[in-house]
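Student: I am new to this one. Could you show it to me and take my questions in turn?

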There are 4 protein chains.
Amino acid sequence: MAVAGRTKRQVLLEFRTTEILEAARTVFAQHGFAAATIDNIALTAGVAKGTVYLYFPSKRDLFLACLREGVLALHAELAAELRAASNCQARLHAFIAVRFQYFSRNRDFFRIYYTEFSQLVAGNAQPEFQDLYEQQAAVLESVLADGVQSGLFRPCDVPGTARLVYDLTRAALAQHILHPAAETPEIPIDSLYQFVLKGIGPS
Amino acid sequence: MAVAGRTKRQVLLEFRTTEILEAARTVFAQHGFAAATIDNIALTAGVAKGTVYLYFPSKRDLFLACLREGVLALHAELAAELRAASNCQARLHAFIAVRFQYFSRNRDFFRIYYTEFSQLVAGNAQPEFQDLYEQQAAVLESVLADGVQSGLFRPCDVPGTARLVYDLTRAALAQHILHPAAETPEIPIDSLYQFVLKGIGPS
Amino acid sequence: MAVAGRTKRQVLLEFRTTEILEAARTVFAQHGFAAATIDNIALTAGVAKGTVYLYFPSKRDLFLACLREGVLALHAELAAELRAASNCQARLHAFIAVRFQYFSRNRDFFRIYYTEFSQLVAGNAQPEFQDLYEQQAAVLESVLADGVQSGLFRPCDVPGTARLVYDLTRAALAQHILHPAAETPEIPIDSLYQFVLKGIGPS
Amino acid sequence: MAVAGRTKRQVLLEFRTTEILEAARTVFAQHGFAAATIDNIALTAGVAKGTVYLYFPSKRDLFLACLREGVLALHAELAAELRAASNCQARLHAFIAVRFQYFSRNRDFFRIYYTEFSQLVAGNAQPEFQDLYEQQAAVLESVLADGVQSGLFRPCDVPGTARLVYDLTRAALAQHILHPAAETPEIPIDSLYQFVLKGIGPS
DNA sequence: CATGAATGAGCATTCATTCAT
DNA sequence: AATGAATGAATGCTCATTCAT
């Protein structure tokens, strides 16, 4: 009973947390951080305003929780795919493909992610988010470093190029999410992969 | 006399406008649109709050004026360099170089530019800004199209690739502005240009 | 339980609404619409500024609510008295008497009512208020029409005369409220009624 | 020369004063006191904002000057007509007719007059205006008193009845100005006069 | 636990008034 | 005398946060 009680409590806690997080993601994506209101999020989540504060201490924290949750899920998917990839080129392809597919499935999250990323540029980002960002860059960096060592990629400034590729995929995604006409996420993936591999110079 | 009087007025008008615009750029860059306050901008500009409204009808208008001014100056510089370039590869290089150099010189403006750009992704951008954006993409597109036709670039989806390159430069700039350690803007330019031309694949 | 809960909420809602409405009436009567401030109203009501906006969406709405509430109460009293009156002359007397007595009891409201009425003249009145005004004029008109038909009143331009009498009572009330020396509302009522009936000409 | 110089100055002073006063009347009539702006008045008068303050020390003073000017002109016309009238009934008729005709010719002024009058009810009117008002009431009162004494009017509470008649004409005017359909000011005058004389009772 | 009424700091915007030219 | 740029106090309204029920 005691165990079941605690479990039930745990379940409810998680349920509410998820519920509010999802509502927040939707609202933040639609209006941006500043224009989103706790009222609107609570309404969307189907709870009272005060309830939001039982689960998240502040609006900013709620926003960051949205960000963290999405980024961690993305990282998990990416890690799985990278493990499954056989060589560096496959891992590079996986890096691009997973991000494309994940964000295509979670467009609301992408809007939040992209907006917050732009805060990085303004120098106002949360340290935690910056760390998550750096972490991903490091993953890609190691893929590139392996590739260069094994001769599958041509020698280059690995950290700089890693960031370049990282940023490029984000930028391409922004295009893709921005112009939802292209409903087929596969094509941009390969096209992007080819661009990264061969550039636009003459063969 | 009349001419002098009008000139004096004109001068004051321009002076104040510039003064306020510069203050606004600084404050918007530091805090973002929503968190910036007119009070703060006025204080920074060294004028009273009401004075700001003598020159700009609203906070939003002031923000857009910052954006417009910077974008137009950038476009002007770019147009001059493109005219001076001898062939498509030189023009592609100029496209990348001018943007890099302009934004390196105007970092506050870049923050505003980048943030507003992220609003494009959220679908909340001003039509005027979207037009300016599209216009630049079109410029790059024509450079690429010429290059493909003349064989200097390999055949590709020109509009898509143009956006890719466009977005890549912006993303690389974000990196560069974000990590101001690298005070030498020349290296990223060439490195970026090489990346665009040859990708990272093995030669 | 549910009923009690809902009732309690209902009670609080009505209590606060009334509380704010009364404060607003006082403040609007004292300063007029433009010079009244929400701050002052909130202070008078003993609530915070934001609370006012929980019950009324805007200053203008609050003002109109004051107006509406008072006018509707007046109309209700008038309707009851008119039903109780036996003939047209009695109804005319009731029309005058009820208005006199109601406004004597609600002087703050009269100030608001009278001020807003003057907006009618400037052509800036709310349509809703204009409707309420016209409605009352129509009531009096039907009293006069009946009276003319039954020979109790002499033939005349009924709509025009109705407005004349309507306006006259309002004007007389303004006098009465303005000079509160005469604390006996009965005398002006009969004196006014006699004036309406017989004018000032020689018998 | 000195005389001419002073005269020229005098002329200009009067010209500007009138110019601004007329503009103010128009703007106050259109927007009411609170919503009227000095900017708008200056623009309408064709002078700079600061110039208004050379002729009138404050917005409120400008408003009161509008009021005073119009009221004094009305009083002058009324005095002339009263002197020309042969007996009390003629003077009563003149009282009604002059006011009707004057305000019909000066509708903008009527709006200001009427609005300010409603301030009297709220107890916020300027003492000066109250005096002007009382003065007119006294004029009418003496007409009525004479009439009662000479048997042309039936005995009544003279002061109270004077105010009644006074207010009635103002109210009827409001109707007339409010519903400009009736472009013939003569009819309401006689109709009003008859009402005052005979009331609506059966003959 | 959940609620939602209440709070009040905060901000964009307006405009009467002043004063240097 | 005339101007109009500059001022800054004033105010309607919003919304994150708190807390009594």
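Student: How many nonpolar, polar and charged residues does the surface near DNA strand F have?

Tutor: The surface near DNA strand F has 15 nonpolar, eight polar and nine charged residues. Ala, Val, Leu, Ile, Met, Phe, Trp, Tyr, Cys and Pro count as nonpolar; Asp, Glu, Lys and Arg count as charged; the others, Gly among them, count as polar. A note on the source: this is a predicted model, where local features need pLDDT of at least 70 and side-chain atom pairs count only at pLDDT 80 or more, while totals for chains, interfaces and linings use all residues. Residues are numbered from 1 along each chain as its sequence is written, chains are lettered from A and ligands numbered from 1 in the order in which they are written, and side-chain values use heavy atoms, with hydrogens and water left out.

Student: What makes a residue near DNA strand F?

Tutor: One of its heavy atoms must lie within 4 Å of the strand. 32 residues surround DNA strand F, and Arg16(B) and Thr51(D) are among the closest.

Student: Why is the pair between Lys49(C) and DNA strand F called a polar contact?

Tutor: A polar contact is a pair of N or O atoms within 3.5 Å; within protein, one must be able to donate a hydrogen and the other to accept it, and residues adjacent in sequence count only if both atoms are side-chain atoms. An N or O atom in the side chain of Lys49(C) is 2.6 Å from a base nitrogen of DNA strand F, so the pair qualifies.

Student: What does Thr51(A) contact on DNA strand E?

Tutor: A phosphate oxygen, 2.4 Å from a polar side-chain atom of Thr51(A).
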